[in-house]
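Biologist: I would like a close look at one part of this model, with its surroundings. Please give the cut-offs as you go.

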Amino acid sequence: MELYLDLFSQPCRSVYIFAKKNNIQFDFKKISLLEGEQYGEDFGKINLLRKAPAMKDGDFCLAESIAIMIYMAEKFHTPDHWFPADLQKRARVNEYLSWQHMGIRMHGSKIFWLKLLIPKIIGTEVPKEKMDDAMEDLNNSVKLIEEKFLQDKPFIAGDQISLADLVAIVEIMQPVAAGVDVFEGRPKLNAWKERVQNAIGKDLFDEAHQHILSAQEMVKTMDGSKMQVFKPKILRMFF
Ligand SMILES: N[C@@H](CCC(=O)N[C@@H](CS)C(=O)NCC(=O)O)C(=O)O
């Protein structure tokens, strides 16, 4: 099995952690998103959506992190708690996985782009009102994770970690990597994070996040002119 990944990306980190944690053998095919490798001819044959992660298992190519993890869970019969067979527990996991794309992923990513990458690409800081609006969206999403999805349970689907927690933590780490401490003043979320890290294993968690957590340093020396290819898309998406 080949996995096309860039650990700068949240969905790539969830796929990577899931495969590693479950001892699923794969070839790590690095696809450098900031260098635009997703737009190359070769990657187009793997994933015409031109997004990472992507998977190739024999002749079978698959896009979308959630679909990839469910494929791996079913193919390799990973422990039940990741994607429970129980109807209602599985529905809880699916509920979160369905919500998160627009519910938090968008807002966490936006903070990362507004704080770190966009100033580098357009050459100026993002206006304060724009940042404040984005922070408000992120805070509302995190509140929903605590109140609707986590409630007083150890994990989103109950007593054990599932794909929902894995997908949630990698997204929350994206604004953290941009310097926004999402866990500060949120003891419940912080305790959940500790449980998720322990369930994944601290070494694996840190290994998967080491690249993104160095993003603030990395961006300082990044050549903004090489990222001009993203400018039209960014202006459309964020302004
Ligand atoms: N819904 C997709 C999202 C994939 C995605 O948006 N990947 C981003 C990185 S986080 C990407 O490849 N972006 C490259 C681009 O848009 O050019 C998934 O869960 O796999």
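Modeller: A residue counts as near a molecule if its C-beta atom, placed from the backbone, lies within 6 Å of it. By that rule, the ligand is surrounded by Ser9, Gln10, Pro11, Leu33, Gln38, Arg50, Lys51, Ala52, Pro53, Glu64, Ser65 and Ile66. Helix 1 (10-21) and helix 3 (65-76) are the elements that give two or more residues to this shell; helices are DSSP runs of H or I, at least four residues long, numbered from the N terminus. The model is predicted: local features need pLDDT of at least 70 and side-chain atom pairs 80 or more, while totals for chains, interfaces and linings use all residues. Residues are numbered from 1 along each chain as its sequence is written.

Now to the part itself, helix 6 and the loop after it. The 15 residues of helix 6 should span 21 Å at 1.5 Å a residue (1.5 Å times one less than the number of residues), and the end C-alpha atoms of helix 6 are 21 Å apart, which agrees. Of its 15 residues, 15 are buried (20 or more other C-beta atoms within 10 Å; exposed means 12 or fewer, partly exposed in between). Just after helix 6, Gly179 has a positive phi of about 100 degrees. Phe183 sits in the loop between helix 6 (163-177) and helix 7 (187-200). Phe183 is partly exposed because 18 other C-beta atoms lie within 10 Å. Leaving out residues up to four places away in sequence, Phe183 touches Leu189, Asn190 and Lys193, contact meaning C-beta atoms within 7 Å. Phe238 is 55 residues from Phe183 in sequence and 25 Å away, C-alpha to C-alpha.

Definitions and conventions
Contact = placed C-beta atoms within 7 Å.
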